[in-house]
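Trainee: Hey, got a minute to walk me through a model I just opened? I don't know where to start with it.
Mentor: Sure, put it up and we'll go through it together.

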Amino acid sequence: MENRQKVLNLISLAMKAGKTVSGEFSTEKAVKSGKARLVVVSEEASDNTRKMFANQCTYYRVPICFFGRKDELGHSMGKEFRASLAIMDEGFANALVKQMNINGGSKYES
C-alpha cells in the first residue's frame with residue numbers, strides 16, 4: 001500500500017477513535033488548549049490559512065505538516081472537504097509523522 005494512503009488511513013482511524021478535530025475553528029482551539037499533538041493542513045489550503053497555522057504551531061510548539069488535498073483529508077474523516085485537522089493522540093501523531101517522513105512528500109516542522 002502506498003504511504004500516502006497509509007497516512008489517510010491513519011487519519012481515518014484516529015477519527016473513528018475520536019482523537020481528531022477538524023475545521024479551522026476546532027483545530028485552532030485544539031492548538032491553543034494544548035490538546036493538539038499534530039496539525040495537518042491541506043497542501044491546497046490558502047496562504048493565509050497555512051501561515052496562520054504555521055505561526056500558531058510554532059508559538060504553541062505543536063508539530064505541523066502540509067499534506068494532501070482538501071477532498072482527500074475530508075474523505076478520510078467521513079466529511080466532504082477539510083483544509084485543517086488536529087490529531088489529539090500522541091500515538092496517532094507519531095505514526096503519522098513516521099509515515100510522512102517515509103513519504104517525503106510533505107513538509108514537517110516541529
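Trainee: Which residue forms a salt bridge with R69?
Mentor: That's E72; the two side chains meet with N and O 3.6 Å apart. Keep in mind that this is a predicted model.

Trainee: Is E72 buried or exposed?
Mentor: E72 counts as buried, at 13% relative accessibility. Its partner R69 is partly exposed, with a relative accessible area of 37%.

Trainee: Which residues are joined into one network with those two by shared salt bridge partners?
Mentor: R4, E43 and D71 join R69 and E72 in one network.

Trainee: OK, R4 then. How far apart are the closest N and O atoms of R4 and E43?
Mentor: They're 4.0 Å apart, and the pair forms a salt bridge.

Trainee: And which parts does that pair tie together?
Mentor: R4 sits in helix 1, while E43 is in the loop between strand 2 and helix 3 (47-60), so the bridge links parts 39 residues apart in sequence. R4 is partly exposed at 22% relative accessible area, and E43 is also in the partly exposed class, at 34%.

Trainee: Why would side chains like that pair up at all?
Mentor: Side chains with opposite charges can pair when their charged atoms come close.

Trainee: How many salt bridges does the structure hold?
Mentor: Six. One of them is between the side chains of E28 and K32, at 3.1 Å from N to O.

Trainee: Where are E28 and K32 in relation to each other?
Mentor: They're four residues apart in helix 2 (residues 24-32), so about one helical turn separates them. K32 is partly exposed, with a relative accessible area of 46%.

Trainee: Let's zoom out. What's the secondary structure made of?
Mentor: Five helices and five strands. Going from the N terminus, the order is α-β-α-β-α-β-α-β-α-β.

Trainee: What about the overall dimensions?
Mentor: The C-alpha atoms fill a box of roughly 35 × 25 × 25 Å along the principal axes. The radius of gyration is 12 Å, which agrees with the value near 13 Å for a compact globule of 110 residues.

Trainee: How much of the protein is buried?
Mentor: Buried residues make up 45% of the 110. As for the surface, about 6,000 Å² is exposed, with carbon and sulfur atoms supplying 48% of it.

Trainee: Which residues have the most contacts inside the largest nonpolar core?
Mentor: L38, V40, I87 and L96, in a core of 18 residues. The elements giving two or more residues to this core are helix 1 (3-16), strand 2 (38-41), strand 4 (84-87) and helix 5 (90-103). Apart from it there's another core, with 13 residues, including A30, A36, A45 and A54.

Trainee: Back to helix 1, since it came up twice. How far does it reach?
Mentor: Helix 1 covers 20 Å from its first C-alpha to its last, with 14 residues, close to the 20 Å expected at 1.5 Å a residue. Its buried residues are N3, V7, L8, L10, I11, S12 and A14. Just after the helix, G18 takes a positive phi of about 75°.

Trainee: What does Q99 touch, leaving out residues up to four places away in sequence?
Mentor: N3, K6, V7 and L10. Q99 itself lies in helix 5, and it's buried, with a relative accessible area of 14%.

Trainee: One more. Is V41 buried or exposed?
Mentor: V41 counts as buried, at 0% relative accessibility. You'll find V41 in strand 2. Leaving aside neighbours within four places in sequence, V41 is in contact with R50, F53, I64, C65, F66, F67, L73, A83 and S84.

Trainee: How far is the C-alpha of V41 from that of F67?
Mentor: The two C-alpha atoms are separated by 6.2 Å, although the residues are 26 apart along the chain. For the protein as a whole, residues 24 or more positions apart account for 79% of the contacts with a separation of 6 or more.

Trainee: Great, thanks for the tour!

Terms used:
Residues are numbered from 1 along each chain as its sequence is written. This is a predicted model: local features need pLDDT of at least 70, side-chain atom pairs count only at pLDDT 80 or more; totals for chains, interfaces and linings use all residues. Side-chain values use heavy atoms; hydrogens and water are left out. A nonpolar core is a set of buried Ala, Val, Leu, Ile, Met, Phe, Trp, Tyr and Cys residues joined through side-chain atoms within 4.5 Å. Buried means under 20% relative accessible area, exposed over 50%, partly exposed in between (1.4 Å probe, protein chains only). The radius of gyration is taken over C-alpha atoms; the globule rule is 2.2 Å times the number of residues to the power 0.38. Contact means heavy atoms within 4.5 Å. Accessible areas come from the Shrake-Rupley method with a 1.4 Å probe; for residues, only the protein chains shown count as cover. The expected span of a helix is 1.5 Å times one less than its number of residues.
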